[in-house]
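Grab a pencil and let's work through a few exercises together. Try each one yourself before you read its solution.

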Amino acid sequence: MTSSVETPVFQPGDYKTDLKPVWCAGCGDFGVVTALYRAMAQLQIKPWDSVVVSGIGCSSRLPGYVATYGFNSVHGRALTMATGIKASRPELTVVAVGGDGDGLAIGGNHFLHTARRNLDILYILMDNEIYGLTKGQAAPTTPAGDKTKSTYYGNPEPAFDPCELAISFGATWVARAFSGDLKTTVDLMVKGLSHHGFGFLNIMSPCVTWRGDDQFKTLKAKTRAIPESHDKTSRFAAMAYTRETDVLSTGVLYEVQQPSLIDRLTHLQELALKKGPAPTTQEIFKNFFPPF
Ligand SMILES: Cc1ncc(C[n+]2csc(CCOP(=O)(O)OP(=O)(O)O)c2C)c(N)n1
Ligand code: SF4
Ligand SMILES: [Mg+2]
């Protein structure tokens, strides 16, 4: 007899909501949400024990399509919401999602600080190199020289690589995918969801409306798997993959084990408890500040 433990309870379709995505036909974000259903089913994540949170943008609509708890919050604040949720309910699986504009422009500051805190959150960035929802303005990942709705004569600003930023600021798991390659995207989501600490998955996800069909074709032609021989624990080796121009290397760039913020806070709490009750405000003032 097969025990119920061996039988998967959740199928990918169980994570779908009744909402029909309003994304344009051919939008890369369809691949991202499909991959998330499959990854969650592979890990048998309980919908009632997980939260998917976002900011604002086409990509940020994703929580509405996933049958977990979810929150489509304020522009650029996906990670602040995720931080609050994880800090107050560490037992939950917390996934933050959104676009390059949301996470790297208005939300850039929060990206850095969430990475350095190493909270146990998976952040999935749907990078289409444009502000899709607001009709095609240049974003921090729009290549220099590209003509967009806001850069008619070509983008004068240099782009940056989000993975480079994540590694620099202390993310402990950093990977890159292409939403047109479903198998690799699912595999990376499973790994990212299983990682302890802040995981960052940058998914190149074409915007067919504001970047045209060429973006899909170009990304597909550039995509290569990171070789097995890559030393994922080396920052130096990982950084080399963030400086590529003609190639888009997909896979895990960087992976190390570090205590998360919750681990560090728990440790401090244990230390404080060992030393007896927490000091009163008067005691703190007496010991640390000059008399007043
Ligand atoms: C405070 C604030 N500023 C600006 C906006 C307008 N706005 C909404 S989404 C967006 C950019 C979306 O781009 P991105 O995050 O890349 O998502 P995409 O639509 O490309 O998936 C902007 C500027 C807003 N909603 N709130
Ligand atoms: S505008 Fe672009 S990012 Fe937005 S739904 Fe359409 S294809 Fe996707
Ligand atoms: Mg975008």
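The exercises below deal with a predicted model, and they go from its ligands to its domains.

**Exercise 1.** Find out which residues come nearest to ligand 1, and which helix gives the largest share of its shell.

*Solution.* Start with the neighbours: 16 residues sit around ligand 1, and C58, S59, G101, D102 and G132 come nearest. Next, look at helix α3, which spans residues 100–106. With four residues, helix α3 supplies the largest share of the shell. Finally, sort the shell by type: you get six nonpolar, eight polar and two charged residues.

**Exercise 2.** Track down polar contacts of ligand 1, and work out how much of its area the protein buries.

*Solution.* Take a side chain to begin with: an N or O atom in that of D100 is 3.0 Å from an oxygen atom of ligand 1. Then turn to the backbone. There, an N or O atom of D102 lies 2.7 Å from a ligand 1 oxygen, and one of L133 lies 2.9 Å from an oxygen of ligand 1. Now for the area: on its own, ligand 1 exposes 590 Å², and the protein buries 74% of that.

**Exercise 3.** List the residues around ligand 2 and sort them by type.

*Solution.* Going along the chain, you meet W23, C24, C27, C58, N128, C207, V208, T209 and W210. Sorted, the shell around ligand 2 has seven nonpolar residues, two polar ones and no charged ones.

**Exercise 4.** Describe how the protein is divided and how its domains touch.

*Solution.* First, the bounds: domain 1 covers 12–258 and domain 2 covers 259–292. Their C-alpha centres are 37 Å apart. Eight residues of domain 1 and six residues of domain 2 take part in the contact. Last, the two domains bury about 570 Å² between them, with 65% of it on carbon and sulfur atoms.

Key: Residues numbered from 1 in each chain as written. Chains lettered and ligands numbered in written order. Predicted model: local features only at pLDDT ≥ 70, side-chain atom pairs only at ≥ 80, totals over all residues. Heavy atoms only, no water. Near = heavy atom within 4 Å. Polar contact = N/O pair within 3.5 Å; in protein donor to acceptor, adjacent residues only side chain to side chain. Areas by Shrake-Rupley, 256 points an atom, 1.4 Å probe, with all protein chains shown as cover. Helix = DSSP H or I, 4+ residues; strand = E, 2+ residues; numbered from the N terminus. Nonpolar A, V, L, I, M, F, W, Y, C, P; charged D, E, K, R; others polar. Domains from an automatic or database assignment. Contact = heavy atoms within 4.5 Å. Buried area = accessible area lost by both parts, 1.4 Å probe.
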